[in-house]
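Colleague: I have a structure here that I would like to talk through with you before I go back to the bench. Could you start with the terms and then take me through the fold?

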Amino acid sequence: MDFPPFCPYCQSRDVVPRATGLKIFGAIGIAVGAAGAFKASLKALQVLQSGSIALPGIALTGIASAVLTAMSASALGCEIGTKAGAQLDRMLLGNRFCRSCKRSFIYL
Ligand SMILES: [Zn+2]
């Protein structure tokens, strides 16, 4: 029995599994991760600016590592966001969707 027998709101049997929260919170996670990394990168670049004329090689390395940090932070943010989204989805929004009345509910 993968599907609940019926919708608790309208008793319809036209019920499908849903995972909307995963996508939403994954996107939020990416945004939060990237924003945090971007802030850190700006600080790193500000520090590097003073020495960039004298030491361009080090400045370039700093920019490259800032980009890499931003990329990995985005990936991490997405992973955390997706996991949190899946949890929240099950806890609050429900994991089943009724196509008759367009309402979602929790089915364990
Ligand atoms: Zn329904």
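Modeller: Two strands are said to pair if DSSP finds at least two bridges between them. Helices (H or I, at least four residues) and strands (E, at least two) are DSSP runs, numbered from the N terminus. This is a predicted model, in which local features need pLDDT of at least 70 and side-chain atom pairs count only at pLDDT 80 or more, while totals for chains, interfaces and linings use all residues. Residues are numbered from 1 along each chain as its sequence is written.

Colleague: OK, so how many helices and strands are there, and in what order do they run?

Modeller: The protein has 2 helices and 3 strands, and from the N terminus the elements follow the order β-α-α-β-β.

Colleague: And how are the strands arranged in the sheet?

Modeller: The 3 strands make an open sheet with antiparallel pairing, in the order β1-β2-β3. β1 (15–17) and β3 (104–105) are the edge strands with a single partner each, so one side of each has no neighbour in the sheet.

Colleague: What joins β1 to β2?

Modeller: There are 3 bridges between β1 and β2 (residues 96–98), and the two strands run antiparallel. Within that pairing, V16 stands opposite F97 in β2.

Colleague: Staying with β2, is R96 buried or exposed?

Modeller: R96, which belongs to strand β2, is partly exposed, because 18 other C-beta atoms lie within 10 Å. A residue is buried if 20 or more other C-beta atoms lie within 10 Å of its own, exposed if 12 or fewer, and partly exposed in between, with C-beta atoms placed from the backbone. R96 also lies 6.4 Å from Y107, C-alpha to C-alpha, although the two are 11 residues apart in sequence.

Colleague: What share of the whole protein counts as buried?

Modeller: Of its 108 residues, 19% count as buried. As for contacts (C-beta atoms, placed from the backbone, within 7 Å), among those between residues at least 6 apart in sequence, 75% join residues at least 24 apart.

Colleague: Changing topic, which residues other than glycine have a positive phi?

Modeller: Among them are Q11, with phi near 65°, and K102, with phi near 60°. Most residues other than glycine have a negative phi.

Colleague: Where do Q11 and K102 sit?

Modeller: Q11 is in the segment before β1, and it is exposed, with 11 other C-beta atoms within 10 Å. K102 is in the loop between β2 and β3, and K102 is exposed too, because 9 other C-beta atoms lie within 10 Å.

How values were computed:
Contact = placed C-beta atoms within 7 Å.
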